[in-house]
Amino acid sequence: MRIKDIVIGETYYKKDTRFYAKVLKVLPPNTDENNNYYTVCKVEYSTQPLNKGAWGFIKYFKPPDLEKIE
């Protein structure tokens with residue numbers, strides 16, 4: 001998925017796992033939270049849909065690792 005297609009607050013699938021990832025922030029390279037040379041998405045990551053009260057871990061993924069839920 002491209003960076004410009006990501007909507008903050010929307011839930012996506014993690015590619016190849018079908019786990020849920022709710023985007024909290026898109027972090028550009030070399031910022032406070034992102035010390036990498038590439039853009040990452042800060043997500044809440046869970047095995048269950050997050051809109052139904054499930055809890056999740058905070059993780060960081062590259063934008064191409066996310067897929068739209070259809």
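Student: Which residues make the nonpolar surface patch of about 260 Å²?

Tutor: In this predicted model, the patch is made by Leu24, Ile58 and Tyr60. Patches are made of residues with over 30% relative accessible area and no salt bridge, with like charges joined within 9 Å and nonpolar side chains (Val, Leu, Ile, Met, Phe, Trp, Tyr) joined within 5 Å. Local features need pLDDT of at least 70 and side-chain atom pairs count only at pLDDT 80 or more, while totals for chains, interfaces and linings use all residues. Residues are numbered from 1 along each chain as its sequence is written, and side-chain values use heavy atoms, with hydrogens and water left out.

Student: Why is isoleucine 58 called partly exposed?

Tutor: Buried means under 20% relative accessible area, exposed means over 50%, and partly exposed lies in between (1.4 Å probe, protein chains only). Isoleucine 58, which is placed in strand 4 (residues 57-61), has a relative accessible area of 46%, and therefore counts as partly exposed.

Student: What makes the pair of glutamate 33 and lysine 25 a salt bridge?

Tutor: A salt bridge is a side-chain nitrogen of Lys or Arg within 4 Å of a carboxyl oxygen of Asp or Glu. The side chains of glutamate 33 and lysine 25 meet at 2.8 Å, N to O, and those of lysine 42 and glutamate 33 meet at 3.2 Å, N to O, so both pairs satisfy the definition. Lys25, Glu33 and Lys42 are thus linked in a network of salt bridges.

Student: Why does lysine 42 count as buried?

Tutor: Lysine 42 has a relative accessibility of 18%, and therefore it counts as buried, whereas lysine 25 at 36% counts as partly exposed.

Student: How do you know that lysine 14 has no salt bridge?

Tutor: The nearest side chain of opposite charge, aspartate 65, is 4.5 Å away from lysine 14, which is buried; Lys and Arg count as positive and Asp and Glu as negative, while His and the chain ends are not counted. Since a salt bridge needs the two atoms within 4 Å, the distance of 4.5 Å does not qualify.

Student: What makes strand 1 and strand 2 a pair?

Tutor: Two strands pair if DSSP finds at least two bridges between them, strands being DSSP runs (E, at least two residues) numbered from the N terminus. Strand 1 and strand 2 (residues 20-27) have three bridges in the antiparallel sense, so they meet that definition. Tyrosine 12 stands opposite alanine 21 in strand 2, and its bridge partner in strand 5 is lysine 68.

How values were computed. Helix = DSSP H or I, 4+ residues; strand = E, 2+ residues; numbered from the N terminus. Areas by Shrake-Rupley, 256 points an atom, 1.4 Å probe, with all protein chains shown as cover.
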